[in-house]
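Visitor: Could you take me closely through a single part of this molecule, with the criteria behind each term?

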Amino acid sequence: MNHFIGSKYDANLSIVDICKKIRTQLKDEIKKNTLFEEAKFSVRKRDYNAISIVVLEMGFNPQNPLRIQEYIKNPHSAGTGIPLYSPKGLEFLNRIKEIANAYNYDKSDTQIDYFSVNFYLDLGLHYNLEEKQREEVAANIDQFLQEMNDSLPLCPECGKKVLDSWDFEDKKGLCWDCVSPLIKARDDNEKEKYKRQIEETEQILQKLVNVFEIPGGGIIDRICFPKLNKRNTLKGYFEQLHPGQYHVQSRVMIKKVIVLTAEQYEIFSNHLLHRFEWLEECGGSDSTAEGLSSDDYYKLSPEEQKTWEDHSYLEVVKIVCDGKPAFFVNPEGYGYARYVGFSEDYLEK
Ligand SMILES: [Zn+2]
């Protein structure tokens, strides 16, 4: 995402107004910027929300001779990876973009296919101009290569000429050879940090491998399950304990009670999405209706289904710890605390 709001953006300007302002500014640029000497532009409104800027003439040849050289050698390749324009050419085009986008904004989020801009900018060189430029470069390829090479900036690290420059933190304009080890070192460092975090978590979770467990039994009523489930922390559930943010479940069967020490309770409360052996094969719904198996619920007659429903219950694991709120976990067969609920008595306190 590259969200921005241009410094001259004004909601009262129409697309036609903006075209006028861009034209004036480009004329100004021609006077003061040597890159723009002899340049001529067409700036037009296209559709209701698009502006087309076409470069009709310009004072230098912006084509990238490396790309044209590649094309001469191999006419069927598309010159993959080689920029279309020389660094000087890109600087010229970027300046035009900068002038136009000062009136633009972009709040799009392409990941969700949401597009919101003041206008779409269509910027390019006129086809005839571009063709003329390419022919010129092709006819004098050595000279153009030499000129581009002479004008290339130098890498501040190794002093080599840089065609494609890279910035890394506070270092600007590096060549790829200099920047790539820096990127690799940063990535390695982050991977190492991540690995250490995982190891630390594993070590902490070891304390929850052996827990004190007692059989449950009995059906209780009125357990409140917050609507947003799969929270990793108990706090993520507590936050939802306002009326309307949970549903009240009747007929809850406690399959077992897990008694945790204060330390274990603290750890579990912050790692609810981790799998624990003592949560496996727990949770989900079943029924105490005699002779009716939940395995073939859909084969039951409507009356039998109703009997099954009337006697159905939700199976949970109760978590208790001295001095802490007890809570109920329905892993739904997944082995982690997929749903977490609290007794209504607790809420009333
Ligand atoms: Zn370098």
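Guide: The account below concerns one sheet and the helices that accompany it. The model is predicted: local features need pLDDT of at least 70 and side-chain atom pairs count only at pLDDT 80 or more, while totals for chains, interfaces and linings use all residues. Residues are numbered from 1 along each chain as its sequence is written.

The sheet is open and has three strands in the order E2-E3-E5, with mixed pairing. Strands (E, at least two residues) and helices (H or I, at least four) are DSSP runs numbered from the N terminus, and two strands pair if DSSP finds at least two bridges between them. Strand E2 (40–46) and strand E5 (120–125) each have a single partner strand and stand at the edges, so one side of each lacks a neighbour in the sheet. Neighbouring strands are turned by 15° against each other on average, direction ignored. Seven bridges join E2 to strand E3 (residues 50–57) in the antiparallel sense, and Phe-41 stands opposite Val-55 in E3.

Helix H1 (residues 15–32) lies across E2 and E3 and runs at about 170° to E2. Axes are lines fitted to C-alpha atoms, for helices over the stretch in contact, and angles run from 0 to 180 degrees between N-to-C directions.

Helix H2 (residues 65–73) packs with helix H4 (residues 127–139) at an angle of about 75°, their axes 10 Å apart. H2 and H4 are therefore roughly perpendicular to each other (65 to 115 degrees). Pro-65, Ile-68 and Ile-72 in H2 meet Arg-134, Val-137 and Ala-138 in H4, contact requiring C-beta atoms, placed from the backbone, within 7 Å.

Key:
Contact = placed C-beta atoms within 7 Å. Parallel < 35°, antiparallel > 145°, perpendicular 65-115°, else oblique.
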